[in-house]
Amino acid sequence: MPAFDLPPDLKAALAAKAEGLSRVDTAKRAGAISENYRGGGTSAPIRTERDALAYALARMPATYAAISASLHALREQYPDFAPATLLDIGAGPATASWAAAQTFDSLTGFAAIDANAALRALACDTTEGSRLAAMRYVESDVLAGLAAMDAADLVIASYVINELGDADRDALADLMWQKTRGTLLVVEPGTPKGYERILALRARLIAQGAHIIAPCPHNRACPLTPPDWCHFSQRLSRSRAHKQLKGAEVPFEDERFIYVALSRSPHMVNTARVLAQPTLNKVAVNAKLCTKAGLSFMSVPRRDKLAYAAARRWDWGDAVPDKAAE
């Protein structure tokens, strides 16, 4: 999986807004907001421009990387997809919009919706002079306002459904699907609860005619059983300023996430999905795969030189050939 770093113009815009601010105060705000999210809270504590900036500086690199990795997987499975319009639901600082703009040159129309005024203001400020400058960003509760939004070729909801109760999640899933002309991508934290939320949305929309693009190689029930759960990890580098902001020592962080991409039409190819980092020894590469036939634990022996060389390059989250489906 390639690395996914914030676009240079977004980095520059955030750095310009942060110039002159107290790093101690910014780190304190970022820590409080992150702690609230980890406890299952919402974006409600983000009330001011400084709160929004602290959140973006601390969390935007990781969420951008997770969304970009999910879009990369979508595009791998559906290379002909060329959306012209995007709808970013629960957009926050427009992280998903930035990621989609970097992934799809075809995008010309951008729309976003979020109830948080501070995050909306930051998004509008940081998109000036970019492809996203003409984005229509509606300040509204997503359930209350989504019905009035135009449908789009690509709809993204990132780190949104975790903020809703079960009934509201179902209503939002239905509304998002109604607004999807082509493909819907939903990204959630890579926790057991995040996985459960994705599973529920996945099953609900398959029942309404949706087709899975990624990460699953099939539309059937997930073959994993508790305490196991499906999730992926995207590593991103930390700058010195980012390390100081997060009070971290290591020069990288790993963002754990789970996603599902669903389409109006089927685009399955004969690939399996690597569900954990493969292990390598002198004898074989061992990998846990989700295949069209279900869960598979594959061992690629070293004596099979071509297959072994290919398997050595497998990474967690990769789509790889599904031998059982060939």
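Where does helix 3 bend, and by about how many degrees? The answer is at Arg-59, by about 50°, and a proline, Pro-61, follows within four residues. Keep in mind throughout that this is a predicted model.

**Helix 3**

Helix 3 covers residues 49-77. Even with the bend at Arg-59, its length works out: 29 residues at 1.5 Å a residue should span 42 Å, and the end C-alpha atoms sit 39 Å apart, which agrees. The helix is largely enclosed by the rest of the structure, because 23 of its 29 residues are buried.

Asp-51 is a residue of this helix. With a relative accessibility of 10%, Asp-51 counts as buried, since the cut-off for that label is under 20%. Have a look at what it sits across from: Ala-118 is 67 residues away in sequence, yet the two C-alpha atoms are 7.8 Å apart in space.

**Strand 5 and its neighbours**

Now over to strand 5, residues 180-189, which is mostly covered, with eight of its 10 residues buried. On one pairing, strand 4 (residues 152-158) runs parallel to strand 5, and six bridges join them. Ala-157 has Val-186 of strand 5 as its bridge partner. To get from strand 4 to strand 5, the chain passes through helix 7 (residues 166-178), making a right-handed β-α-β crossover.

Strand 5 also pairs with strand 8 (residues 252-263), this time in the antiparallel sense, over seven bridges. Here Val-187 is matched with Tyr-259 in strand 8.

**Backbone oddities**

A few spots in the loops deserve a second look. Two peptide bonds ending in proline are cis: Ala-214 to Pro-215, with omega near 0°, and Pro-226 to Pro-227, with omega near 10°. Pro-215 is in the loop between strand 6 (211-214) and strand 7 (232-237), and Pro-227 lies in the loop between strand 6 and strand 7 too.

Then there are two residues with positive phi that aren't glycine, namely Ala-94 and Tyr-159. Here they are side by side:

| Residue | Phi | Loop | Relative accessibility |
|---|---|---|---|
| Ala-94 | about 70° | between strand 1 (85-89) and helix 4 (95-103) | 0%, buried |
| Tyr-159 | near 55° | between strand 4 and helix 7 | 15%, buried |

Tyr-159 ties back to the crossover, as its loop is the one between strand 4 and helix 7. The path from strand 4 to strand 5 goes through that helix.

**The cysteines**

How many disulfides does the structure hold? The count is zero. Take Cys-222: the closest cysteine sulfur belongs to Cys-230, and at 6.0 Å it is too far for a bond. A disulfide would need the two sulfur atoms within 2.5 Å. Seen from the other end, Cys-230 is in no disulfide either, and its nearest cysteine sulfur is that of Cys-222.

Are these two cysteines buried or exposed? Cys-222 is partly exposed, with a relative accessible area of 25%, whereas Cys-230 is buried, with a value of 12%. The 20% cut-off for buried falls between those two values, so they get separate labels.

Methods
Residues are numbered from 1 along each chain as its sequence is written. This is a predicted model: local features need pLDDT of at least 70, side-chain atom pairs count only at pLDDT 80 or more; totals for chains, interfaces and linings use all residues. Side-chain values use heavy atoms; hydrogens and water are left out. Buried means under 20% relative accessible area, exposed over 50%, partly exposed in between (1.4 Å probe, protein chains only). Helices (H or I, at least four residues) and strands (E, at least two) are DSSP runs, numbered from the N terminus. Two strands pair if DSSP finds at least two bridges between them. A crossover is right-handed if, with the strands pointing away from the viewer, the path from the first strand over the helix to the second runs clockwise. The expected span of a helix is 1.5 Å times one less than its number of residues. The bend at a residue is the angle between axes fitted to the seven residues ending there and the seven starting there.
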